Amino acid sequence: MAPKGGDPSLSNEQVKAAVDYMVSQVSGGGRQQAQAAPKEGQKTAQAGGAQAMGKQTFAQACAACHHTGTMGAPKLGSKADWASRIKKGKQTLYTHAINGIGAMPPKGGDPSLSNAQVKAAVDYMLSAVNSKTGQTAARKKSQADKAKKGQ
């Protein structure tokens, strides 16, 4: 991995915060050493299936850039950032994530990740876009319902 995740403008505190966040995501909130990631195709009880594996892989390899938008990375949950990418199709997103594209290195800079883990991370990021959109629609409906009732 490049120093400061490839973004020299990040402060040491920002990098430390990103590392602390990633460690907390895979260790249940503590600073314990992360458990080994599942191998390609495995769905272990520890991982809790594809969604949990995607979340874990995201925290391990993707969060440093995709939480902040570093170097043009689409931010987690941002419909605007992901819209043009989603139009290209999921297979294209998988290919880009596995092989790298632009400033993003293959597998987010972690060659030890399996293709299944990378695909799960892509699915996790896409679900964050969809769930955020759903939450926004639900919030608007709730506000409209309250307005109708005079609340």
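This report walks through the fold, a bent helix, the nonpolar core and a few individual residues of a predicted model.

## Overall fold

The protein chain is built from helices: its secondary structure comes to five helices and zero strands. Reading along the sequence gives the pattern α-α-α-α-α.

Of the 151 residues in the chain, 28% count as buried. The accessible surface comes to about 9,400 Å², and carbon and sulfur atoms account for 54% of that area. If you like contact statistics, here is a handy one: among contacts between residues at least 6 apart in sequence, 53% join residues at least 24 apart.

## Helix 2 and its bend

Helix 2 deserves a good look in your viewer. It covers residues 50–66, and its end C-alpha atoms span only 19 Å, whereas a straight helix of 17 residues would span 24 Å at 1.5 Å a residue. Follow the helix axis and you will find a bend of about 60° at Q60.

Many residues of helix 2 are buried: M53, G54, Q56, T57, F58, A59, A61, C62, A63 and H66. T57, which lies in this helix, makes a good example. Its relative accessible area is 2%, so T57 counts as buried, the cut-off being under 20%. Leaving out residues up to four places away in sequence, T57 touches C62, L113, Q117, V118 and A121.

## The largest nonpolar core

The largest nonpolar core holds 17 residues, and the members that touch the most others are F58, C62, W82 and V122. Helix 2, helix 4 (90–99) and helix 5 (115–149) are the elements that give two or more residues to this core. Helix 5 provides the largest share, with seven residues.

W82 has plenty of company. Not counting residues up to four places away in sequence, W82 touches H66, P74, K75, L76, G77, L93, M125, L126 and V129.

## An aromatic pair

The count of aromatic pairs comes to one. F58 and Y124 form this pair, which is tilted, with 5.5 Å centre to centre and 50° between the planes. The pair links distant parts of the chain, since F58 sits in helix 2 and Y124 in helix 5, 66 residues apart. Both F58 and Y124 are buried, and F58 is also among the core members that touch the most others.

## A loop residue and a helix 4 residue

Is T70 buried or exposed? T70 is placed in the loop between helix 2 and helix 3 (79–86). With a relative accessible area of 6%, T70 is buried, because the cut-off for that label is under 20%. Leaving aside neighbours within four places in sequence, T70 is in contact with D7, A64 and C65.

Q91, found in helix 4, falls into another class. Its relative accessibility is 57%, so Q91 counts as exposed, for which the cut-off is over 50%. In sequence Q91 and K119 are 28 residues apart, and in space their C-alpha atoms are 9.2 Å apart.

How values were computed. Residues are numbered from 1 along each chain as its sequence is written. This is a predicted model: local features need pLDDT of at least 70, side-chain atom pairs count only at pLDDT 80 or more; totals for chains, interfaces and linings use all residues. Side-chain values use heavy atoms; hydrogens and water are left out. Helices (H or I, at least four residues) and strands (E, at least two) are DSSP runs, numbered from the N terminus. The expected span of a helix is 1.5 Å times one less than its number of residues. The bend at a residue is the angle between axes fitted to the seven residues ending there and the seven starting there. Buried means under 20% relative accessible area, exposed over 50%, partly exposed in between (1.4 Å probe, protein chains only). A nonpolar core is a set of buried Ala, Val, Leu, Ile, Met, Phe, Trp, Tyr and Cys residues joined through side-chain atoms within 4.5 Å. Contact means heavy atoms within 4.5 Å. Accessible areas come from the Shrake-Rupley method with a 1.4 Å probe; for residues, only the protein chains shown count as cover. Rings of Phe, Tyr and Trp (its six-membered ring) pair if their centres lie within 6.5 Å; planes under 30 degrees apart count as stacked, over 60 as edge-to-face and the rest as tilted.
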